Amino acid sequence: MPQRLLYNEVTVMNGINKIINYIDSIIPKNIPEKKRRKIYDEMFCHILDRIDYYEEIGYSEEQSTDKAIEDMGTDEETKKQISGSSKT
């Protein structure tokens, strides 16, 4: 039983690290910190919502994380959207 819990904890941490790495890779570094944090929080919540959705329809946690990140678009597409929205 403890091994199963450990496996689940590792799986969760891997998923969180994937999300963090993805978001860090797409938010431009030249955006003011307050704006960066707001964008980061919004994206993180959106990805978590998508993960929940995919898990509800039967995907594994890892598959759900990958699909949720994929739904956000390519790094370049998302960077362009963020850069455009940060100018307003």
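Is Lys18 buried, partly exposed or exposed, and what is its relative accessible area? In this predicted model, Lys18 is partly exposed, with a relative accessible area of 29%, and the legends below start from the whole chain before they return to this residue.

**Figure 1. The chain as a whole is built from four helices and zero strands.** Followed along the sequence, the elements give the pattern α-α-α-α. The chain has 88 residues, of which 26% count as buried. Four salt bridges are found in the structure, and some of them are shown in the views that follow. As a general point for reading those views, side chains that carry opposite charge can pair when their charged atoms come close.

**Figure 2. A salt bridge joins the side chains of Asp66 and Lys18, with 2.7 Å from N to O.** This pair connects distant parts of the chain, since Asp66 belongs to helix 3 (residues 61–71) and Lys18 to helix 1 (residues 2–26), and the two residues are 48 residues apart. Asp66 has a relative accessibility of 34% and therefore counts as partly exposed, and Lys18, at 29%, is likewise described as partly exposed.

**Figure 3. Within helix 2, Arg37 and Glu33 form a salt bridge whose closest N and O atoms are 3.5 Å apart.** Both residues lie in helix 2 (residues 33–56), and because they are four residues apart there, about one helical turn separates them. Arg37 has a relative accessibility of 52%, and because the cut-off for exposed is over 50%, Arg37 counts as exposed.

**Figure 4. Asp71 and Arg50 meet in a salt bridge, the closest N and O atoms being 3.0 Å apart.** Here too the pair links distant parts of the chain, with Asp71 in helix 3 and Arg50 in helix 2, 21 residues apart. Asp71 is partly exposed, its relative accessible area being 38%, and Arg50 is also partly exposed, with a relative accessible area of 27%. Elsewhere, salt bridges that share partners bring Lys18, Glu62 and Asp66 together into one network.

**Figure 5. The axes of helix 2 and helix 3 come within 8 Å and cross at roughly 130°.** This angle makes helix 2 oblique to helix 3, because angles between 115 and 145 degrees fall outside the ranges called roughly perpendicular and roughly antiparallel. The crossing in which helix 2 passes helix 3 is right-handed. In general, two packed helices are described both by the angle between their axes and by the distance between those axes.

**Figure 6. Gln63, which has its place in helix 3, is shown together with Ile51.** The C-alpha atoms of Gln63 and Ile51 are separated by 8.6 Å, while the two residues are twelve residues apart along the chain. Gln63 has a relative accessible area of 42% and is therefore partly exposed.

**Figure 7. Tyr53, Ile57 and Tyr59 make a nonpolar surface patch of about 280 Å².** One of these residues, Ile57, is placed in the loop between helix 2 and helix 3. With a relative accessibility of 47%, Ile57 counts as partly exposed, because the exposed class begins over 50%.

Conventions. Residues numbered from 1 in each chain as written. Predicted model: local features only at pLDDT ≥ 70, side-chain atom pairs only at ≥ 80, totals over all residues. Heavy atoms only, no water. Buried < 20%, exposed > 50% of the residue type's maximum accessible area, 1.4 Å probe, protein only. Patch = residues over 30% accessible without salt bridge, like charges linked within 9 Å, V, L, I, M, F, W, Y side chains within 5 Å. Areas by Shrake-Rupley, 256 points an atom, 1.4 Å probe, with all protein chains shown as cover. Axes fitted to C-alpha atoms, helices over the stretch in contact; angles between N-to-C directions. Parallel < 35°, antiparallel > 145°, perpendicular 65-115°, else oblique. Left-handed = near helix turned anticlockwise from the far one by under 90°.
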